Amino acid sequence: MAKQQANWSPYDNNGGSCVAIAGADYCVIAADTRMSTGYNILTREYSKICKLADKCVMASSGFQADVKALQKQLAARHLIYQHQHNKQMSCPAMAQLLSNTLYYKRFFPYYSFNVLGGLDNEGKGCVFTYDAVGSYEKVGYSSQGSGSTLITPFLDNQLKSPSPLLLPVQDAVTPLVEAEAIDLVKTVFASASERDIYTGDKIEIVVVNATGIRREYMELRKD
Amino acid sequence: MSNSVIEVPPKGGFSFDLCKRNEMLAKKGVNPPSFRKTGTTIVGLVFQDGVILGADTRATEGPIVCDKNCEKIHYMAPNIYCCGAGTAADTEAVTDMVSSQLQLHRYHTGRESRVVTALTLLKRHLFNYQGHVSAALVLGGVDVTGPHLHTIYPHGSTDTLPFATMGSGSLAAMAVFESKYKEGLTRNEGIELVTEAICSGIFNDLGSGSNVDVCVITKGGKEYLRNHLQPNPRTYTNSKGYSFPKKTEVLLTKIIPLKEKVEIIEGGDAMEE
């Protein structure tokens with residue numbers, strides 16, 4: 001008998017896209033709210049965005065069961081940090097924690113494609129982008145998920161960051177104002193939902209700035 | 001089996017020689033290229049005066065929409081139309097081919113085409129290709145014998161039904177039909193029901209989307225309502241628009257004029273026919 005392959009996979013892809021853009025004193029994180037499996041829609045109103053700390057928000061697409069488990073892990077670790085250090089975790093610290101948590105499961109990964117956004121210790125916007133096993137990088141903007149191949153080229157065109165390898169070190173954050181960045185995010189999702197079947201229904205947009213965290217929604221195509 | 005090396009090309013149809021090779025390659029992980037499918041919702045129903053066909057307008061290549069407004073209701077004869085689901089190239093090719101055959105048949109017989117003729121031509125072709133021509137069709141029309149509605153599967157089997165749905169959104173559409181269909185619907189009731197069934201496919205199936213096409217066929221003639229309903233407009237357009245700066249820098253401009261290779265003589269002889 002030839003070697004049998006597994007005909008059951010522990011993973012599933014629930015689709016969806018997320019985007020994050022860092023500004024001088026704000027950070028915009030957005031994700032669509034559709035959760036699907038195969039050709040079916042499971043729900044039109046699922047939040048892929050999770051607040052990890054006061055100034056730190058994560059959006060994840062991929063397998064939502066793994067995403068949920070990952071969020072729980074991070075919340076627990078954050079609580080321990082708060083008990084030990086008597087303060088909230090900063091965004092760069094949370095970024096490192098996320099990377100370590102993902103790599104911990106290097107040989108049975110979390111099927112989760114994350115973007116982390118927030119304000120760093122100086123109040124400047126920062127965005128960290130991850131792959132499924134924890135490789136991460138601080139960038140000016142990022143997109144993950146099923147629509148990322150449609151979204152990233154447009155963001156590159158409008159926001160192109162200078163290479164992090166250039167000297168002197170140039171700022172990755174976009175010079176755009178908060179309202180313009182939100183506009184850009186809405187346009188980008190409207191376009192992605194035209195051509196990607198897994199992106200649609202609604203966008204949840206979270207804005208982190210000095211005054212706190214604000215949430216808004218926008219309708220998308222429902223087909 | 002003779003040992004001769006002479007290779008005679010097959011007379012027609014597919015040669016299945018490479019199937020074993022394809023199987024072996026697939027086991028090694030080399031898969032054949034994917035093709036554009038219509039991931040569709042198509043429906044048909046029989047009403048008081050004839051048949052009504054409906055279809056969505058989205059064509060997909062895997063998870064990407066490649067055509068937001070394609071036509072899935074194909075012309076077969078002045079009194080017969082056919083909706084197609086499955087591989088787009090296959091549905092186009094097979095309906096065009098049978099449509100031409102029907103035209104020739106009309107010239108030959110001097111009569112209006114019958115739906116069963118189209119049915120038989122299609123099913124014979126599809127069975128011949130053993131399901132490799134991936135076309136799932138809903139065929140409807142009105143001829144001298146009355147209104148007819150049929151479904152045709154890629155392997156060549158057919159059904160004759162009062163209402164039918166095909167494609168990835170067929171379950172969503174059939175749910176609507178099974179709840180609300182009754183015999184003797186009027187034209188407007190029929191169009192409304194077909195539209196509702198297609199909308200159910202559009203909103204609940206990810207392989208279907210965009211607009212609703214409807215085609216009403218009666219003894220008197222046909223009415224092709226392209227984009228009868230457009231329930232999915234673009235949700236957001238930036239009022240200011242976006243500019244796209246030219247990113248490629250011009251480092252050097254050098255123009256080298258090529259020598260003229262052709263001499264033009266005015267008033268030469270005119271060319272001979």
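Colleague: How many bridges join strand β1 (residues 42–47) of chain B to β10(B)?
Modeller: This is a predicted model, in which local features need pLDDT of at least 70 and side-chain atom pairs count only at pLDDT 80 or more, whereas totals for chains, interfaces and linings use all residues. Residues are numbered from 1 along each chain as its sequence is written, chains are lettered from A and ligands numbered from 1 in the order in which they are written, and side-chain values use heavy atoms, leaving out hydrogens and water. Strands (E, at least two residues) and helices (H or I, at least four) are DSSP runs numbered from the N terminus, and two strands pair if DSSP finds at least two bridges between them. In this antiparallel case B:Gly44 stands opposite B:Ala164 in β10(B), and the number of bridges joining the two strands is four.

Colleague: Are the side chains of β10(B) buried or exposed?
Modeller: Buried means under 20% relative accessible area, exposed over 50%, and partly exposed in between, with a 1.4 Å probe and protein chains only. From strand β10 (residues 163–166) of chain B, B:Phe163 and B:Thr165 point one way and B:Ala164 and B:Met166 the other way. For both directions the result is buried.

Colleague: In the hairpin of β3(B) and β4(B), which residue takes a positive phi?
Modeller: Strand β3 (residues 59–61) and strand β4 (residues 64–67) of chain B pair in the antiparallel sense over three bridges, with B:Ala59 opposite B:Asp67 in β4(B). Two residues lie between these strands, and the positive phi, near 70°, belongs to B:Gly62.

Colleague: What area is buried between chain B and chain A?
Modeller: Contact means heavy atoms within 4.5 Å, and 30 residues from chain B and 29 residues from chain A take part. Buried area is the accessible area (1.4 Å probe) that two parts lose on being put together, summed over both. Carbon and sulfur atoms give 51% of this area, which comes to about 2600 Å².

Colleague: Which three residues supply 27% of the area that chain B buries against chain A?
Modeller: One of them also appears among the contacts of A:Ser36, a residue in strand β3 (residues 35–37) of chain A that counts as buried at 0% relative accessibility. Not counting residues up to four places away in sequence, A:Ser36 touches several residues, including A:Tyr198 and B:Leu206. The trio that supplies more than any other three residues is B:Leu206, B:Tyr236 and B:Tyr242.

Colleague: Which strands stand at the edges of the open sheet of five strands in chain A?
Modeller: The order is β5-β6-β7-β8-β9, with antiparallel pairing. Each edge strand has a single partner strand, so one side of each is left without a neighbour in the sheet, and these strands are β5 (49–53) and β9 (136–139).

Colleague: At about what angle does α1(A) run to β6(A)?
Modeller: Axes are lines fitted to C-alpha atoms, for helices over the stretch in contact, and angles run from 0 to 180 degrees between N-to-C directions. Neighbouring strands of the five-stranded sheet are turned by 25° against each other on average, direction ignored. The helix α1(A) lies across β5, β6 and β7 (112–119) of chain A, and its angle to β6(A) is about 155°.

Colleague: Why is the pair of A:Tyr11 and A:Phe63 called edge-to-face?
Modeller: Rings of Phe, Tyr and Trp (its six-membered ring) pair if their centres lie within 6.5 Å, with planes under 30 degrees apart counted as stacked, over 60 as edge-to-face and the rest as tilted. By this rule there are 11 aromatic pairs over all chains. The centres of A:Tyr11 and A:Phe63 are 6.4 Å apart and their planes stand at 85°, so the pair is edge-to-face.

Colleague: How many residues apart in sequence are the parts that this pair of A:Tyr11 and A:Phe63 ties together?
Modeller: A:Tyr11 is partly exposed at 26% relative accessibility, whereas A:Phe63 is buried at 15%. A:Tyr11 lies in the segment before β1 (17–22) of chain A and A:Phe63 in the loop between β6 (56–62) and α1 (64–85), so the parts tied together are apart in sequence by 52 residues.

Colleague: Over which ring of the aromatic cluster does the charged end of A:Lys105 sit?
Modeller: The cluster is formed by A:Tyr11, A:Phe63, A:Phe108, A:Tyr111 and A:Phe113. A charge sits over a ring if NZ of Lys or CZ of Arg is within 6 Å of the ring centre and within 35 degrees of the ring normal. The charged end of A:Lys105 also sits over A:Tyr110, 5.1 Å from its centre, while in the cluster the ring, at 4.4 Å, is that of A:Phe108.
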